[in-house]
Amino acid sequence: MSADASAEEKTVTVLLYSDDRQVRESLKLALGRRVAADLPEVVIIETATHAAVDSAMRQGGVDLVILDGEAAPAGGMGISKQFKEEIADCPPILLLVIRKDDAWLSAWSLADAVERYPIDPVTFPDTAARLLRKRLQVAGA
């Protein structure tokens, strides 16, 4: 297999966490199969509970984590802080919030980026692409 062929088959893994199935569906729709033309195809791991997102993270291989800050009972902000403090080489975290006033909490959470609900079909994939590019650059260095 040529190097070009293996590069084309490469994927990026995005871990989605929300207890709301509709939120997960809207996130998947916004990401699409490819977040940007210069990035590999996206493989999405969906999780709806704290235990599931924690297990998926500990298995490794995740390139981007998207956490719903409004999820219950375990919110994405607390999970973000936990991952950033406990996981060496934690992948970038994109946090979703509803209120503009939650900006200070998102800073506390150590998230790499924040997007607001409702999901903007332009800014959301752009933010995800920026975080993935940074992750792939670091991994390839």
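**Exercise 1. Determine how the axes of helix 3 and helix 4 are arranged relative to each other.**

Solution. The structure is a predicted model, in which local features need pLDDT of at least 70, side-chain atom pairs count only at pLDDT 80 or more, and totals for chains, interfaces and linings use all residues. Residues are numbered from 1 along each chain as its sequence is written, and side-chain values use heavy atoms, without hydrogens and water.

Step 1. Helices are DSSP runs of H or I with at least four residues, strands are runs of E with at least two, and both are numbered from the N terminus. Helix 3 comprises residues 50-59 and helix 4 residues 76-86.

Step 2. Axes are lines fitted to C-alpha atoms, for helices over the stretch in contact, with angles from 0 to 180 degrees between N-to-C directions. The two axes come within 12 Å and cross at roughly 25°.

Step 3. Angles under 35 degrees count as roughly parallel; helix 3 and helix 4 are therefore roughly parallel to each other.

**Exercise 2. Identify the residues through which helix 3 meets helix 4, and classify them.**

Solution. Step 1. Contact means heavy atoms within 4.5 Å. From helix 3, His50, Val53, Asp54, Met57 and Arg58 take part, and they meet Ile79, Gln82, Phe83 and Glu86 of helix 4.

Step 2. Ala, Val, Leu, Ile, Met, Phe, Trp, Tyr, Cys and Pro count as nonpolar, Asp, Glu, Lys and Arg as charged, and the others as polar. The contact residues divide into 4 nonpolar, 2 polar and 3 charged.

**Exercise 3. Decide whether Lys81 and Gly69 are buried or exposed, and list their contacts.**

Solution. Step 1. Buried means under 20% relative accessible area, exposed over 50%, and partly exposed in between (1.4 Å probe, protein chains only).

Step 2. Lys81 is found in helix 4. Its relative accessibility is 18%, so Lys81 counts as buried. Leaving aside neighbours within four places in sequence, Lys81 is in contact with Trp108, Ser109 and Leu110.

Step 3. Gly69 is found in the loop between strand 3 and helix 4. Its relative accessibility is 15%, so Gly69 also counts as buried. With neighbours within four places set aside, Gly69 is in contact with Gly75, Gly76, Met77, Leu95 and Leu96.

**Exercise 4. Name the element that gives the most to the largest nonpolar core.**

Solution. Step 1. A nonpolar core is a set of buried Ala, Val, Leu, Ile, Met, Phe, Trp, Tyr and Cys residues joined through side-chain atoms within 4.5 Å. Of the 23 residues in the largest one, Leu27, Leu31, Val35, Leu64, Ile66, Leu94 and Phe124 touch the most other members.

Step 2. Elements giving two or more residues include strand 1 (11-17), helix 2 (21-31) and helix 6 (123-140). Helix 6 gives the most, with 5 residues.

Conventions. Parallel < 35°, antiparallel > 145°, perpendicular 65-115°, else oblique.
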